[in-house]
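Trainee: Please choose one strand of this structure and take me through it closely, then follow the threads that lead away from it.

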Amino acid sequence: MDFALTEEQEALKLMVHDFMKKECSSEYMQEKEEKEEFPEELWQKMAQTGLLGAPIPEQYGGSGGDIITMAIILEELARVFPDMSFAYIVNICFGSKSLEYFGTDEQKEKYLPLLCEGKLKFAMAMTEPNGGTDVLGALKTRATLEGDHFIVNGTKMFITGAHIADHIMTIVKTNPNAPKKSGGISLLLIDRKSPGVETIPIKKLGFKSVQTCEVVFDNVSVPKENILGEMDKGWYHLLDTLNNERIDVAAQCIGIAQGAFDLALEYAKQREAFGKPIGQYQAIQHYLAIMSTEIELARLMNFKAAWLQSNKKPCGVESTMAKYYASKVAFEVASQGMQILGGYGFAMEYDMQRFFRDSKLLTVAPISNEMALNFIGQNLGLPKSY
Ligand SMILES: Cc1cc2nc3c(=O)[nH]c(=O)nc-3n(C[C@H](O)[C@H](O)[C@H](O)COP(=O)(O)OP(=O)(O)OC[C@H]3O[C@@H](n4cnc5c(N)ncnc54)[C@H](O)[C@@H]3O)c2cc1C
């Protein structure tokens, strides 16, 4: 057993941390959130630093890093500005990995180098207005093949980055008569600028600079070659990316928790009450001790899942446990961080509130913690409850 990161991984972690600290002042993050404006200049710098390409195969312009590389990057992005970890998950973890796993050589050559260079963005459109948990039951977006084009009609809900994406990776029903709900589903790369595509940003609590949209497809014509993977097999393709998704989101949660902890510890050392730093009081020390213990535990669980995944061992349960636990830890640590900052936790000019707002989402999305527990329960041999 070896719990240590390699020298290369340690160097990557430090590099991303220093980069984020240098580029993301509190004022910058506040401004981007207030304007609900994507931090494009920061994204471009991430591309130049090689961060966008880090987990993309070398032959397509990346550095060929594995899931542990992705987890390290996500943690350090989220630790400073969680919005960037969200954009990274959508574009690199979902976008590039889906292309790498199910794309044709031609599609990979066309899109992956541009993704590494920050010249192309993706959004991932699965959820519909009637449900994200029972996503198959709610799936109504329909693509009908007419000659050499699909005609797409339907509405997607809560699609992050759809308004700035070049392509929206969209889950559609291509065969409504398939005997199973999971059959007859395909993945289409839809050019966001196609006639009939409308993206409508939704006002939300957190991750404000990476907007989330309702997306309407009204008779959108999509070339047949824009299908990703096999026709009608889309759902089974997606299942291959689920473990990655859970590990990535857990890493994002751990970063949020670590960011909140860093601020709380620093504050506890310098804020005085009754003539002493509040960190001298045992109540505050215990809060911080519990926070750091919980973060350590979540990180260990996630690195175990990532290690299993990178060694091609089954990790469905471990990655789901890691996501469930890390999202709980992120929310609890950020709440405790708010407590330690007292009234200043509530002030928008302090960064703690951002971790608190952002952490809430991750208990619900991309898989809700109730659904994560359902999955873990079923894997204990209990009957499916829904
Ligand atoms: C800010 C934001 C960004 C998002 N980005 C994207 C994106 O980029 N792409 C995308 O496709 N989607 C995205 N989503 C959607 C997200 O994945 C869904 O919101 C999530 O899957 C939950 O679906 P829902 O909101 O429809 O809740 P519902 O499915 O309606 O669930 C409501 C509640 O019921 C519980 N529940 C449902 N079924 C069960 C059950 N069987 N057992 C126990 N409890 C159950 C859920 O856990 C939840 O607590 C985003 C959502 C948000 C809010």
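Mentor: What follows starts with the strand and its partners, and then moves outward to the core, the ligand and the domains.

This is a predicted model, in which local features need pLDDT of at least 70 and side-chain atom pairs count only at pLDDT 80 or more, while totals for chains, interfaces and linings use all residues. Residues are numbered from 1 along each chain as its sequence is written.

The strand is β4, residues 167-173, where strands (E, at least two residues) and helices (H or I, at least four) are DSSP runs numbered from the N terminus. Seven of its seven residues are buried, a term that requires 20 or more other C-beta atoms within 10 Å of a residue's own, with 12 or fewer making it exposed, values in between partly exposed, and C-beta atoms placed from the backbone. In a regular strand the side chains alternate between the two faces of the sheet. Here both sides are covered, since H167, M169, I171 and K173 on one and I168, T170 and V172 on the other are all buried.

Two partners can be described, taking strands as paired if DSSP finds at least two bridges between them. β4 runs parallel to β1 (residues 122-125), with four bridges, and within that pairing A123 has I168 as its bridge partner. With β5 (residues 185-191) the sense is antiparallel and the bridges number seven; there L189 stands opposite M169.

From here the picture leads to L188. Beyond its neighbours within four places in sequence, L188 is in contact (C-beta atoms, placed from the backbone, within 7 Å) with T170 and V172, among others that include A143, F150, V152 and V222. Together with A257, L188 touches the most other members of the largest nonpolar core, which has 115 residues; such a core is a set of buried Ala, Val, Leu, Ile, Met, Phe, Trp, Tyr and Cys residues joined through C-beta atoms within 7 Å. Helix α9 (residues 242-270) gives the largest share of this core, 14 residues.

The partner β1 leads instead to the ligand, around which there are 23 residues, with M126, G132, T133, S368 and Y386 coming nearest; a residue is near if its C-beta atom, placed from the backbone, lies within 6 Å. Two or more residues of this shell come from each of β1, β3 (149-160) and α13 (369-378). Domain 2 (124-232) and domain 3 (241-378) each give the shell at least three residues, with bounds taken from an automatic or database domain assignment. By type, the shell holds twelve nonpolar residues (Ala, Val, Leu, Ile, Met, Phe, Trp, Tyr, Cys and Pro), three charged (Asp, Glu, Lys and Arg) and eight polar (the others, Gly among them).

Some backbone details lie along these paths. In β3 sits F158, whose phi is positive, near 60 degrees, although the residue is not glycine; F158 is buried because 20 other C-beta atoms lie within 10 Å. In the loop between α12 (352-361) and α13 is P366, joined to A365 by a cis peptide bond with omega of about -5 degrees.

Finally, domain 1 (7-120) has its centre 23 Å from that of domain 2, taken over C-alpha atoms. Contacts between these two involve 17 residues of domain 1 and 13 of domain 2, and α5 (82-102) supplies the largest share of the domain 1 side, nine residues.
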